[in-house]
Amino acid sequence: MPGVVARRVDPKVLSRLSGKLPRGSAAVTGTNGKTTTTRMVAKILQVAGVRAVNNSTGANLVTGVTAALVADSSLFGKPRSEMGLFEVDEANVPKVAAEAELSLLAVLNLFRDQLDRYGELAYTAKVIASSFPDLPEGGSVVLNADDPLVASLGRSAEKPIFFGVDEPSLDTGTLQHIADSKDCPVCGTALSYEAVYFGHMGVYGCGNCGFERPDPAYRATRIRMDGPRGTDFLLTTPHGGIGVRIALPGLYNVYNALAAATVAGEMGVRPTEIARGLREFGGAFGRVERVRAGEKEVFLLLIKNPVGFNEILRTFLSGPDGRLSKPRNVLIAINDNDADGRDVSWLWDVDFEMLAGSDAGTNFFVTGIRAEDMAVRLKYAELPVRWAVPNRKEALRRALEATPPGETLYVLPTYTAMLELRRTLSDLGHTHPFWEDK
Amino acid sequence: MKLTIQHLYADMMNLYGDRGNVISIKKRCEWRGIEVEVVDVGLGEAIRPTGCDVFLFGGGQDREQTLLVEDLSGSKGRELKAIAEDGGVILGVCGGYQLMGHYYETPEGEKLPGVGIFDMHTRPRRPDEPRLIGNVLARVRPLESETGTTPREIVGFENHGGRTELGGGAEPLADVISGHGNNGRDGTEGARRLNSYGTYLHGSLLPKNPWLTDQLVLNALRRVDDSFELEPLDDAAEGAAFASVAGRVRAGRG
Ligand SMILES: [Zn+2]
């Protein structure tokens, strides 16, 4: 771990290097979406021509931030980039804020972690707020207005900048029973919600102390979900509004994009460049995750739409002649929840036929709520299906078992199936994913 | 014997994976050793019936639909109607289905004339009405000539704003068990006249309802050889896909 070593050699290395970044550093924290949001900001900055160094391999502790800066710096200890852009684990925010010159700190959301690493969420919130005094003069705090606990942090910040969603049509009308902060973070009275988007995110107010959702300076309105293909919304900023298209499904990703837009906007990037960066983010098939599972390797390739699916087939499964290149182990997981797209007709727009006529002996396994639909699709492309097991956990276990040691299991899930399979991988003890962008 | 799939406006009316219907017919012919050809019939191109055809008319967006209307208003539309009246096999899905009626009214209030195969028309969704979206399970109505046969069911996914109202001279294709159907009001789904079928269901429709695919194929082949019989195929995978959706819908988890 170069970060650990560098810090042992020079405990002040982070503050020394970050102090030499002409445009300072921005940090993104929160329970969900740190990686995606940070990557979106990185893409926007790239479009805007700003050279930023970031800890893009998911190493989000202070050591990871240090390692990224060390790797970016010349032998003489001068960073090559103009600014730092860091994804920071919630508990590491005070350390990073104390050492790096953070001109901006963004807090996305606070959800209860399944392992509940830091105890009460309120404690995590306090830890984050404790770093605010360490921000340099003129440093700003960006907060999610729709998350009551995160928004309440604005009370400890000098001039907080809020972002939020205003889309009445997405009001689910009910607070999920698993919601993390139903009570007013200021006085503890139950909050009343005007709109609930998901979890505890929404438009709320406290009847007792008057704490209410702050007015967002950056807003997403007119949100239109286009199934797995992407999402459109209108972005409003203090510097003008613009229509935005992202190639990612789900309201979570609207929040990520909105947070990224806020961070970029506060760093002086114009709305047109923000929209272009967000549109170009992710490319055809977004993120590839590689997870080591004992003597086997798992490739998780998110399926977003027919175009992306075709790209994955072309890139990972087919050889130069277009047919299956060599025996592979492939698990396809199709769900039809809202974030995946409820209509699976699009499977018929994917060119599975490109792989047909091969005797490479590839094992196709299918799973997900729509496992049977996927099996029929493959049947009509004349690709043999070894089995269809709708239960995702069971299917992943069996597919891993069927994958010989030293080989790779290609897992092609839709959005919510990916979340489930990722959780299963972690339950099986296969964590520490390695991120790649394609 | 050769069956020709006449894919109408394939490049414009290909929303919602309607290509699955083409693949389904093609494969089920090939697996039985029946020669099959797919012909795309585009804008401005004449229909060339072979005598053993299945015409497929898929769904499109309003913008595309408007372009087709002119193309269909001339001899092409008249010919399609004549083919239907003669017992030719046509399947219209969603937008294609709407254009098989008397007219389709756009949200702007313009009445676009259809081919008139079915005695029906489609009006736009009012601002206070929702789009009709979701999984559908429906029981197909047997024709009089088919009485005594077991009623069949179809599953699919609907996604339409337009409301279709059948006139007195039209037979619905099916009765909705779960879902919205033609207009979300009268419990009917689709329309049928002789060997012409119209429906809002895609998903795609034919892959999960293989008996319907076979019915279209058989109807087309019997126009050439009225004693033609289809060999049965192993439909276990299709049956499982049907059962999975039907079971979910019946349990109220559509
Ligand atoms: Zn209160």
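# Helix crossings and a cavity: worked exercises

**Exercise 1.** Take helix α3 (residues 34-47) and helix α8 (residues 251-266), both of chain A, and work out how they lie against each other.

*Solution.* Start with the axes: in this predicted model, those of α3(A) and α8(A) come within 8 Å and cross at roughly 45°. The two helices are therefore oblique to each other. Next, look at the hand of the crossing, which is right-handed for α3(A) and α8(A). Now find who touches whom. On the α3(A) side you'll see A:T36, A:T37, A:M40, A:V41 and A:I44, and they meet A:N253, A:N256, A:A257, A:A259, A:A260, A:V263 and A:A264 of α8(A). Finally, sort those contact residues by class: eight are nonpolar, four are polar and none is charged.

**Exercise 2.** Stay in chain A and describe how helix α12 (residues 392-402) meets helix α13 (residues 415-427).

*Solution.* Axes again: here they come within 10 Å, and the crossing angle is roughly 60°. That angle makes α12(A) oblique to α13(A). As for the hand, this crossing is right-handed. The touching residues are A:R392, A:K393 and A:L396 from α12(A), with A:E420, A:L421, A:T424 and A:L425 from α13(A). Sorted by class, this contact has three nonpolar, one polar and three charged residues.

**Exercise 3.** Now go across chains: work out how helix α11 (residues 371-380) of chain A packs with helix α7 (residues 236-250) of chain B.

*Solution.* The axes are 8 Å apart and the angle is about 155°. Angles over 145 degrees count as roughly antiparallel, so that is the label for α11(A) and α7(B). Their crossing is left-handed. Chain A brings A:E372, A:D373, A:V376, A:K379 and A:Y380 to the contact, while chain B brings B:A237, B:E238, B:A240, B:A241, B:S244 and B:V245. By class, you get six nonpolar, one polar and four charged residues.

**Exercise 4.** Find what lines the second largest cavity, and say which elements give two or more residues to the lining.

*Solution.* Begin with the count: there are four cavities of 30 Å³ or more. The second largest holds about 50 Å³ of space. Its lining is made of B:H7, B:D18, B:N21, B:V22, B:L56, B:F57, B:G58, B:L91 and B:V93. Match these to the elements of chain B, and α1 (19-30), β3 (53-57) and β4 (89-93) turn up as the ones giving two or more residues. Last step, the classes: the lining has five nonpolar, three polar and one charged residues.

Technical notes:
Residues are numbered from 1 along each chain as its sequence is written. Chains are lettered from A and ligands numbered from 1 in the order in which they are written. This is a predicted model: local features need pLDDT of at least 70, side-chain atom pairs count only at pLDDT 80 or more; totals for chains, interfaces and linings use all residues. Side-chain values use heavy atoms; hydrogens and water are left out. Axes are lines fitted to C-alpha atoms, for helices over the stretch in contact, and angles run from 0 to 180 degrees between N-to-C directions. Helices (H or I, at least four residues) and strands (E, at least two) are DSSP runs, numbered from the N terminus. Angles under 35 degrees count as roughly parallel, over 145 as roughly antiparallel, 65 to 115 as roughly perpendicular and the rest as oblique. A crossing is left-handed if the near helix is turned anticlockwise from the far one by less than a right angle, and right-handed if clockwise. Contact means heavy atoms within 4.5 Å. Ala, Val, Leu, Ile, Met, Phe, Trp, Tyr, Cys and Pro count as nonpolar, Asp, Glu, Lys and Arg as charged, and the others, Gly among them, as polar. On a 1 Å grid over the protein atoms alone, a cavity is a set of points where a 1.4 Å probe fits but cannot get out, and a pocket is an open set with protein on both sides within 12 Å along at least five of seven lines; lining residues have an atom within 4 Å of a point. Grid points are joined across faces, edges and corners, and a volume is the space filled by probe spheres set on the points.
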